[in-house]
Amino acid sequence: LYIGGSEHSTGHLLYFRFWTKFLFDLGLIPFDEPAKKLVNQGMIQGISMMANVLPSVRDGEDRYDILPLGRKTDGAFERNYPIDHITFSDGKYWIDEAGARLTRNIPAFRAYELTAPNIELRPVVEKMSKSKFNVVNPDDIIEKYGADTLRLYEMFLGPLEQSKPWDTNGIEGTSRFLRKFWNLFHESDVFSISDEAPTKAEFKILHATLKKVTEDIGHMSFNTSVAQFMIAVNELGALKCRKRTVLEPLVIALAPFAPHIAEEIWMHLGHAESISTAPWPQWEAQYLEEDSFSYPISFNGKTRLQLAFPVALGKEEVEAAVLANPEVQAKLEGKAPKKVIVVPKRIVNIVV
């Protein structure tokens with residue numbers, strides 16, 4: 001499996017395919033293609049600040065209030081600058097070409113004055129690149145939020161193969177999720193885990209999550225896995241579940257996504273070996289089976305109410321239970337239905 005950005009992969013693939021075929025021709029390796037599958041990850045997009053600099057007139061000649069470092073469009077020079085490279089001081093805009101935040105004491109040969117009427121600043125979403133002055137330093141994110149939060153947020157941004165805009169504000173959501181996950185194992189900041197047997201609802205949350213994450217990893221659909229973890233943590237938190245049988249497999253499933261917090265919790269759970277050596281938890285269909293189904297009850301094709309019945313009921317039993325319901329009787333107004341259509345575990349339609 002080869003994963004890489006589309007721009008870099010072209011060169012990389014030519015290079016490592018050449019060497020693979022070269023070694024194959026020498027009889028040193030038994031294959032002539034180095035990878036069976038290629039996945040191009042999407043571009044991460046960032047916000048650039050575009051400075052549209054309009055010309056002014058001095059001594060009868062056009063001049064620009066910024067050196068012409070950008071491209072000329074419609075009589076103006078246009079160039080990208082990060083927001084914190086543009087400073088307003090003494091009634092003037094200053095742009096620092098060197099990349100440091102400006103003060104009025106910056107040497108003039110690296111700082112260009114833009115008079116306020118002659119500059120228009122606007123944000124632009126484009127690919128994140130050093131040349132665009134819109135990169136985000138991962139070290140800064142890790143220092144503030146931790147490496148696990150950064151990993152999760154990058155996966156949560158969207159499908160792996162699609163381009164996605166970076167929004168630092170959105171990282172707060174994944175940070176909150178990890179705090180909630182940590183809190184499942186703690187009571188008043190004390191590590192607390194129970195060996196009680198889980199309820200059916202708790203087992204259902206666990207195995208629905210294991211099924212979803214296992215299948216998503218196979219499809220490289222990491223953003224939907226993170227979403228499922230968030231749902232599970234919210235539901236288990238509402239149930240105040242601190243049961244080992246439920247939470248321990250959940251930690252193993254989370255480990256590839258957030259290895260640091262998972263390893264820490266794994267140690268507190270009493271394991272001497274790394275969580276990376278733990279066998280992957282298997283989901284079981286028996287815990288996902290529903291005892292009842294909520295039927296949408298339609299009258300002439302229009303849904304009017306929902307009624308729940310045991311899934312074991314046959315079509316005739318469901319029809320009888322629906323017609324005996326007081327709400328259905330009230331809507332029938334004493335009339336006998338012309339026909340009742342029952343599609344098991346789908347819908348009941350009453351034709352009047």
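Student: How much area does the protein expose, and what share of it do carbon and sulfur atoms supply?

Tutor: Accessible areas come from the Shrake-Rupley method with a 1.4 Å probe, and for residues only the protein chains shown count as cover. Here the protein exposes about 21,000 Å², with 54% supplied by carbon and sulfur atoms. This is a predicted model, in which local features need pLDDT of at least 70, side-chain atom pairs count only at pLDDT 80 or more, and totals for chains, interfaces and linings use all residues. Residues are numbered from 1 along each chain as its sequence is written, and side-chain values use heavy atoms, leaving out hydrogens and water.

Student: What percentage of the residues is buried?

Tutor: Buried means under 20% relative accessible area, exposed means over 50%, and partly exposed lies in between (1.4 Å probe, protein chains only). Of the 352 residues in the protein, 35% are buried. Phe-22 counts as partly exposed because its relative accessibility is 36%.

Student: Where is Phe-22 found?

Tutor: Helices (H or I, at least four residues) and strands (E, at least two) are DSSP runs, numbered from the N terminus. Phe-22 lies in helix H1, residues 6–25. The protein has ten helices and 18 strands.

Student: At what angle do helix H4 and helix H8 pack?

Tutor: Axes are lines fitted to C-alpha atoms, for helices over the stretch in contact, and angles run from 0 to 180 degrees between N-to-C directions. H4 (residues 171–183) and H8 (residues 259–268) pack at about 5 degrees, their axes 11 Å apart. Contact (heavy atoms within 4.5 Å) is made by residues including Phe-181 of H4 and Ile-265 of H8.
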